[in-house]
Structure formats: C-alpha cells, structure tokens
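Here is a walk through a two-chain model, starting at the contact between the chains and then moving inward and on to the charged pairs. Have the structure open as you read.

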Amino acid sequence: MANLLPSVQDILLLTPEIIILLSGLLILLITPFVEPKYQRITPSLAIAGSLLAFIASQSLGAGHRVILNGMISVSLYSAFFQNIFLIVNFLVVLLSLTYLEEEFANMGEYYAMLMFATLGMMLMAASSDLLSIFLALELMSVSLYILAGYFRRHSESNEAAIKYYLTGVLASAFMLYGISLIYGITGTTNLRAVGDFIGVSGSLARDPALGMAMLMLVMGFGFKIAAVPFHMWLPDVYEGSPTCVTAFMSVGPKAAGFAAVLRVFYVGLGSLRLEWTVIFAILSVLTMTTGNLLALTQKSVKRMLAYSSIAHAGYAILGLTVAGTALEGAGMSSLLFYMFSYLFMNVGAFAVLILLRKKALTSESLDDFNGLAQRAPFLAFLMAILLLSLTGLPPTVGFVGKFYVFGAVIQVALTGNGFYGLLAVIAVVNAAISAFYYLRLLMNIYLKDGAETLTWRYSHSLMFVIVFSALATLYFGIFPGSILSLAQQSVKILL
Amino acid sequence: MTVHILLFYFFAFIAVASAIGVITLRNTIHCAVSLLLTFFCVAALFVLLEAEFLAAVQLYIYAGAIMVLVVFVIMLVNVREDLPQPGQIPLNAVAVFVGIGIFFFLMFVIMAGDFSPPRGIYTAAYQAANGGQTKLIGKVLYTEYLFPFEIASVLLLVAMIGGIILPTRRRFRRNGKGKGEMV
C-alpha cells in the first residue's frame, strides 16, 4: 500500500497516450474559434499528434514494465499494437480530409473523436487489468458510435449508429457480467493475479461459474471482433458509416479487440485453454466460412469488403486457437503479424472507394469498376496490388500473413492433432473462396469494358494513402522479416 | 441473521418485480416510477451488505439525478402510452421463453460456482478504525484506482460531446471556393 501514486517515470511511459489525449483535447478546444478558411488546422493537429505519438512510442524501449498498480503494462506487445493504431489514425485522417469537405462535414469534433477512439484502442492494448480493459474498450466504442452516426443527414448513417450502439451495449453488458463473475470467484481483476489464482487451485478451472464467465467474455469480445454468430451488426454498420470511418473501424477496433482477447484469455484464463481453444476453433470456422460465402453474393463493393473483413477476422481467430496449444508463441505472433498486414491492404482498398465514388452515400457496385484499367491505369494497378494482398497472393503482405497463420495451424496438425489438420483444410478452402470474389473485382477492372459511372474525387492526400498502402503492402510482402521478428519478440512478455 | 435474510428476500423480490414492471407497463410514467422503486430496493440491498456509501450514492445519483433526466425525456418526447402496433405481439413469447431459460441456467451456474475468494483487508473493524467507509473509498479511488478513474473521465467527456454533436441541427453552406462549412 506504500507507493500507490504513480511516479514521474511511470507517467512518462504513457507519453504516446498522453500526446493523443492532449491533441484530441486541443482540437476540441480550438474548434469553435477556427475560421472556416483555416478549417484544415484541426486535421493537421490530428496528424501532428499521431506522428508525435508514433515517434514517442518508438523511444520507449523494449523493457516490460507494469505500472499504475497493475492497470497498465507497457511493453513491446503494447507498442506493436499502438503502432498499428497510430498508423491507422494517420492514414484515416488523410482519408477523411477531402471526403468530409465534399460532404460539408469537416468539423473538429470528428478528428477529436478519432483521437479519443485511438486513445481507447491504445489503452486497450496496454491494459493488464479487466477494469482498465473494459473502460478503454468503452472509450473506443463510444467514440465509434458517434463516428458511425456522424453523417446525420443520411438515414443510413443514423441506422448504422443505432445498430452499432445497441449491439455494442449488449456486448458490453455480457462482458461486464463475465468480469463480475471472475471478480466474484478470484477476488481480483488483475489478469496476472486472476491467472495465478485459477492456476494454483486445481479444481477452479472446472468451476461452472468460471466457465460461464469465460463464455460471457467470448460473447462480449466476439461482438467487438465481429466473429460469427456475433457479426449481425457489422454489414449495415460498415455500409452506413462514412467510408473513412469504415476504414478506421475495419482495422483499429479489430486489432484492439484481438490485443485484449489475447491478454484476457492467455494470461487471465490460461488454465481454461483447452476449453477456449475449442470455442475459438469453432468460431473461426464459422466466421471464415460465413464471411466468405456472404461476400460472394454481394453486389456492393463496400458491403463486400465488410463481409470479407468478417472472413479476415476468422483467419486471425485461427491464430488464437494455436495460442492455446504447445506452439503458443507461433500462434500469437502470427496473429500479430496478420493484424499488421491487414492494416495496409484494407485502408488502401477503402481509400480507393473514397477516391472513386458515386454522388450520394449509396454504394458503388462491382460493375461500376468495369474497365477502370483503361480509364485510370495507375489507380487500377494500385487497386490490383491491394486486391492481390487481400486474396493472399505473393508477393504481397497478405500472403505472408496468411502463410504464417496457416503455417502455425499446420505445425500443430503435424504434431498429430488431426483436429488442426481439418482446421487448416477449411482455412485453405476459404482462402480459395475469397479469391473468387476479390479476383472477380480485379477481372471487372482489367478485362471488362464499362462507361464512367463513378465520380473521380482526386486529392493529393487520398492518393498518398493509396500509394503508401500499396507500397507498404508490397514492401512488407517482400521483406516481412523485421515485422515478423518484432511480432515474435512482442508476444514473449505474454509467454 | 434471519432478519437480514428476510429483509434481503423482501427487497430483492420488490426489486425484481418492479424491474419487470419497467419493461411491461404501458404508461411510460408508470415505467419510470417502477424504475425508481428498483433503484430504492437496490440501495436497500447495498445497506444490507454494509455498503452504506454505495447505498447513498445509488440514491443520490440513480434515484435522484438519473430519474430526473428520465422524467424530463419522457416529458420532452411526449410518449404517454406505448400502444401496440397492428400486427405486433405485445410480449414476444420466444423472448420470454429464452429469458427464463437463461435465468435458470445462470442460477444453476452461480449456485454451483465456488465464490470464495480471499477476503480483503477492509473489514468492518478496519473501516471503523481508519476513519470510516467514505474516507477509505475516497483513498482507494484516488490512489489504487486513479487510472481507471481518469479513463472514465475521458469516456464521460466523449459521451457528452457525442450527445451534443449527434442531435444538434446544423446547416451547411458552401463558401466561395466550393468548400463546405458549418453555420
């Protein structure tokens, strides 16, 4: 009980979070005073904040320090995810700039909400206590509900916000119930202490109430990472939200969800790994298959990407199932790498949708991309790279991501676990199904003829995001080594 | 001790009954009063658990502040009666069935569970010797739980801003350069 107030050194470890918080508050503070002709000052502040936080995050060092009475653990693991969030934040601010100006909705509050959502995600990845995980998750979710409903004049956006809010609150209630059961059983919310308490008493791992708590947490987090059967909200929310918000939602909250899931289940509920491995295996099969099959039938590109993002979550859950076996390190690092690889290809694909779109918020159909290669060969080429990466073909980062996740599953299968052999087969079949709809779009772009039905909304910032994403997709596809070893080192603190 | 248990069942029964009233009553004002009764009974349960501070907070914030807001919203929105729409089943039978199923399942699980964590240091004697419950809660909140407290403050700020942005009517106009701005 002696030194309960945080020391200056502890606070300094939170520099990236503090920078994001301060830039969000600063944006809110100056918004009412900014003249309309200087309205780009708020996005500039957001960009400056995320860049500064990124730099600060690099200088934190590799040590693992638990601070603030066990609420936060600053380590390579949290830094890995925080870098993902900060890159997403940076790219999404650039995406939003001209999009919001054209929709006459370029206001400071939007960027402030984006910063607060990022703050929530960063804290989620760094939290090592159920209480701080829950509060950080709520911070992220509430900001996202507001962002989803940001285009108030569009009924689709309102619908998205309401659906997201109601299902999200339900998920939070489940999660909170699970957390309260865990607290009732173990007397603590700290994940390490929970894990130790369950591990020491041999019989507690078979306790029905603890099993119920685990199921509640699976449901709660399942909603957040949109695992089937908790995915019902996702297509409408992704389609109805402003496209820049969809780009943000499809990467950030998912990565944050996985960061927390890995900590909660691996560290806190490690003694129940036999049970949750099976649950996650079933979820991953359902998620991959449902996501891909429904994506096949979509006419709208935005909706297709929404369903495919469900499928991608399914591949990532495969990494979770491996994390519960003897090859835990391989499973977790493959999950981290998958999240990283997913970032660029997905943000890039949504950026293309913002660059080429219809007048209203209505969705661009697959046929609208017919013959794009003749009209805009460079953009078509960039889109081709992103689509190849989403499919998982070399030499892109999507291939490497899938390769390591599937590789980890196959390694477990080779140790004589036939169940994982089946998982690997299902995963590969799913990758083949996904190739069909991604490559169909690619075929429309390159092989079909079509008239110009989309409006071309060129801006430098948008083009920068697309080129940057495509280049990163290629670069990390050819040289994945540095990120991969970083992912492997990051998960060491959990092992 | 038996008085304790009797009182517990008394308040728990009223709490559950009035909570059911909140979702089944037709008149929204009646629902609000039902909710108020639930809050009172939960406060009584906190007293029975010797958590006097929580009971007081429950009354001040839920029965006081939040109820006022609820009544204001009912007055502003002016929905007196939640009439069933044509073709709508008043209480979905499936939902009731599933709800009761989940209730019995949870009851079984919680009865079978092992809720015997190590006790903390905050016994009644410790509280009395160290300045009382309120002081101790304040101490813990601003030391051990300072960080969650701070996140919660940011969370409330975000929720407040959301409450301002989403319902406010705003018009947008174009300025000379074709860029939009808010009026």
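How much area do chain A and chain B bury between them, and what part of it is on carbon and sulfur atoms? The answer is about 3,900 Å², with 78% of it on carbon and sulfur. Three residues of chain A stand out here: F104(A), L135(A) and R152(A) supply 17% of the area that chain A buries against chain B, and no other three residues give more. Keep in mind throughout that this is a predicted model.

**Where the chains meet**

In terms of residues, 49 from chain A are in contact with 42 from chain B. If you go looking for salt bridges between chain A and chain B, you'll come up with zero. Polar contacts do turn up between the two chains: four residue pairs, counting those with both partners at pLDDT 80 or more.

Which helices of chain A each supply at least two residues of the side that touches chain B? They are helix 2 (15-30), helix 5 (108-126), helix 6 (130-148), helix 7 (155-186) and helix 9 (208-225). Helix 6 of chain A gives the most, with nine residues. Sort the residues on this side of chain A by type and you get 34 nonpolar, eight polar and seven charged.

**The nonpolar cores**

The largest nonpolar core runs to 211 residues. Those with the most contacts inside this core are I72(A), F81(A), I84(A), Y110(A), F221(A), F265(A) and F369(A). Helix 14 of chain A (residues 328-355) provides the largest share of the core, 19 residues. For a look at one of the well-connected residues, try I84(A): leaving aside residues up to four places away in sequence, I84(A) touches A255(A), M339(A), F340(A) and L343(A).

There is also a second, separate core, made of five residues. Its members include A32(B), F39(B), M67(B) and I74(B).

**Charged pairs**

Side chains of opposite charge can pair when their charged atoms come close. Over all chains, the count comes to seven salt bridges. Three of the pairs are set out below, with the distance between N and O atoms.

| Salt bridge | N to O distance |
|---|---|
| E159(A) and K163(A) | 2.8 Å |
| E275(A) and R206(A) | 3.7 Å |
| R273(A) and E328(A) | 3.1 Å |

Why are E159(A) and K163(A) separated by about one helical turn? Because they are four residues apart in helix 7 of chain A. E159(A) counts as partly exposed at 37% relative accessibility, and K163(A) is partly exposed too, at 30%. This pair also belongs to something wider, a network of salt bridges that links E159(A), K163(A), D236(A), E239(A) and R303(A).

The pair E275(A) and R206(A) links distant parts of the chain, 69 residues apart. E275(A) sits in helix 12 (residues 273-296) of chain A, while R206(A) is in the loop between helix 8 (191-200) and helix 9. Is R206(A) buried or exposed? At 54% relative accessibility R206(A) counts as exposed, whereas E275(A), at 28%, counts as partly exposed.

What does the pair of R273(A) and E328(A) tie together? R273(A) lies in helix 12 of chain A and E328(A) in helix 14, so the pair joins parts that are 55 residues apart in sequence. R273(A) is partly exposed, with a relative accessible area of 23%.

How values were computed. Residues are numbered from 1 along each chain as its sequence is written. Chains are lettered from A and ligands numbered from 1 in the order in which they are written. This is a predicted model: local features need pLDDT of at least 70, side-chain atom pairs count only at pLDDT 80 or more; totals for chains, interfaces and linings use all residues. Side-chain values use heavy atoms; hydrogens and water are left out. Contact means heavy atoms within 4.5 Å. Buried area is the accessible area (1.4 Å probe) that two parts lose on being put together, summed over both. A salt bridge is a side-chain nitrogen of Lys or Arg within 4 Å of a carboxyl oxygen of Asp or Glu. A polar contact is a pair of N or O atoms within 3.5 Å; within protein, one must be able to donate a hydrogen and the other to accept it, and residues adjacent in sequence count only if both atoms are side-chain atoms. Ala, Val, Leu, Ile, Met, Phe, Trp, Tyr, Cys and Pro count as nonpolar, Asp, Glu, Lys and Arg as charged, and the others, Gly among them, as polar. A nonpolar core is a set of buried Ala, Val, Leu, Ile, Met, Phe, Trp, Tyr and Cys residues joined through side-chain atoms within 4.5 Å. Buried means under 20% relative accessible area, exposed over 50%, partly exposed in between (1.4 Å probe, protein chains only).
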